[in-house]
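I opened a fresh page for this one and wanted to look up what holds the fold together, pair by pair. Here are my notes, in the order I made them.

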Amino acid sequence: MPFFYAVTFAALFLLPAGAGAEEFFYKHEAGDTYRIISTVKEDVYLDRRLDHRSEFLNRIAVKVTSVENGQGQNGQARHEAVFQTSERAMGGFLEDQPMLLPDRGSSFQWAEEYESVFDRDALGHIGIDKKYFMPVVRDVPVFPGRDLKPGDTWTAEGHEMHDFRESFGIAEPYRIPFTANYEYLGSRTWQGRAYPAFSVSYRISSEPPAVPGRLWPRKITGASDQIVYWDFDLGQPAAYEESFRMIFELSDGSTVEYRGTAQAEIIESERMDKKSLAEEITDEIK
């Protein structure tokens, strides 16, 4: 599977933040269902040379099946999710000529479907079996459990989990840890509406141990910068936007770089229906 981001953010219709300090936390209720529509535009470089461009369309359906310990910081909810992704190849460069290739496909092609089950507490920490590939970015956002005013900052540990079976022949989900830096930005505009928002940024620089696979990363460097738009009333994010860059120096001496942008928004969903989801994404691809 090519490199791409997917998120677990959820909400619908935001309310602007109040003028004073606010406390961010998730509000979970059993039976809540929602969908996320995200797009990723990505350039892939092999040995520092542009190889191809891709666009990903991700549709994610999530249902909260149970809640323990009620609301507040100790609340924890079980989520069941279906991640469906399709890919559209754009253009690239010929290997021996500095000229842009034409688009290799103008329509989205079905790529993969994943199922996942995870727990999330009110502050955003995720508990999940290591067998699951999705969501990719985990423990983001995580909140400090105190009132925040615009300009306040905090940090929290998180990690990415990637499906490198096709790209590198690595059978197990591949974990990349990081420390995220947050700042409450106050009111920001998303699609013409004012929302309370915060930034999330992290940098990655590691020399991980070898893992079984056709290839494996010897060195990883990268960066992600996001803005998340929040709903205080519902206790969920409503949208996010991101720019990212990841560079993998591989065991065979080659280098693969992924750079691009992503954005997602949440739409309302009344129930989780895998059959209808498959039909809808097929229609979307068409």
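Before anything else, I fixed my terms: I call a residue buried when its relative accessible area is under 20%, exposed when that area is over 50%, and partly exposed in between. By that rule Phe24 is buried, and so is Phe232. I also noted at the top of the page that this is a predicted model.

**Entry 1: the overall layout**

I looked up the secondary structure and found two helices and twelve strands in the protein chain. Reading from the N terminus, I wrote the order down as β-β-β-β-β-β-β-α-β-β-β-β-β-α. I then checked burial, and 50% of the 286 residues count as buried. For the accessible surface of the protein chain I noted about 13,200 Å², with 47% of it belonging to carbon and sulfur atoms. I also looked up contacts between residues at least 6 apart in sequence, and 65% of them join residues at least 24 apart.

**Entry 2: the rings around Phe24**

How many aromatic pairs does a search of the whole structure find? I got 23. I started with Phe24 and Tyr184, whose ring centres are 5.0 Å apart with planes at 85°; over 60 degrees counts as edge-to-face, so that is what I called the pair. This pair links distant parts of the chain, with Phe24 in the segment before β1 and Tyr184 in strand β8 (residues 174–190), 160 residues apart. Both Phe24 and Tyr184 are buried.

I turned next to Phe24 and Phe232. Their ring centres are 4.7 Å apart and their planes sit at 45°, so I put this pair down as tilted. Here too distant parts of the chain are linked: Phe232 is in the loop between β10 (217–231) and β11 (236–250), 208 residues from Phe24.

I then followed the ring pairs outward. They link Phe24, Tyr26, Phe143, Trp154, Tyr182, Tyr184, Phe198, Trp230 and Phe232 into a cluster. Tyr26 has a charged visitor as well, since I found Arg120 over the face of its ring, at 4.0 Å from the ring centre.

**Entry 3: salt bridges**

My search of the whole structure gave eight salt bridges. I wrote myself a reminder that side chains of opposite charge can pair when their charged atoms come close.

Asp119 and Arg78 form one of them, with the closest N and O atoms 2.4 Å apart. I placed Asp119 in strand β4 (residues 109–121) and Arg78 in strand β3 (residues 76–89), 41 residues apart, so I noted the pair as a link between distant parts of the chain. Which partner is buried and which is partly exposed? Asp119 counts as buried because its relative accessibility is 17%, whereas Arg78 is partly exposed at 33%.

Arg165 and Asp163 meet in another salt bridge, at 2.8 Å from N to O. Arg165 counts as partly exposed at 38% relative accessibility, while Asp163 is buried at 7%.

For Lys149 and Asp152 I noted 4.0 Å between the closest N and O atoms of their salt bridge. Lys149 is partly exposed at 46%, and Asp152 is buried at 18%.

I also found Arg245, Glu257 and Arg259 linked in a network of salt bridges. Arg259 turned up again in my list of charges over rings, where it lies over the face of Tyr45 at 4.4 Å from the ring centre.

**Entry 4: the surroundings of Asp43**

I located Asp43 in strand β1 (residues 33–46). Its relative accessible area is 18%, so Asp43 is buried. Which residues is Asp43 in contact with, leaving aside its neighbours within four places in sequence? I listed Leu50, His52, Arg53, Glu257, Tyr258 and Arg259. With Arg53, I found a polar contact of 3.1 Å between the side chains. Two names on the contact list of Asp43, Glu257 and Arg259, also belong to the salt-bridge network with Arg245.

**Entry 5: a last look at Ile126**

I found Ile126 in strand β5 (residues 126–128). At 15% relative accessibility, Ile126 counts as buried. I also looked up its distance to Ala77: the two are 49 residues apart in sequence and 9.6 Å apart in space, C-alpha to C-alpha.

Methods
Residues numbered from 1 in each chain as written. Predicted model: local features only at pLDDT ≥ 70, side-chain atom pairs only at ≥ 80, totals over all residues. Heavy atoms only, no water. Helix = DSSP H or I, 4+ residues; strand = E, 2+ residues; numbered from the N terminus. Buried < 20%, exposed > 50% of the residue type's maximum accessible area, 1.4 Å probe, protein only. Contact = heavy atoms within 4.5 Å. Areas by Shrake-Rupley, 256 points an atom, 1.4 Å probe, with all protein chains shown as cover. Polar contact = N/O pair within 3.5 Å; in protein donor to acceptor, adjacent residues only side chain to side chain. Salt bridge = Lys/Arg side-chain N within 4 Å of Asp/Glu carboxyl O. Phe/Tyr/Trp six-rings, centres within 6.5 Å; stacked < 30°, edge-to-face > 60°. Lys NZ or Arg CZ within 6 Å of the ring centre and 35° of its normal.
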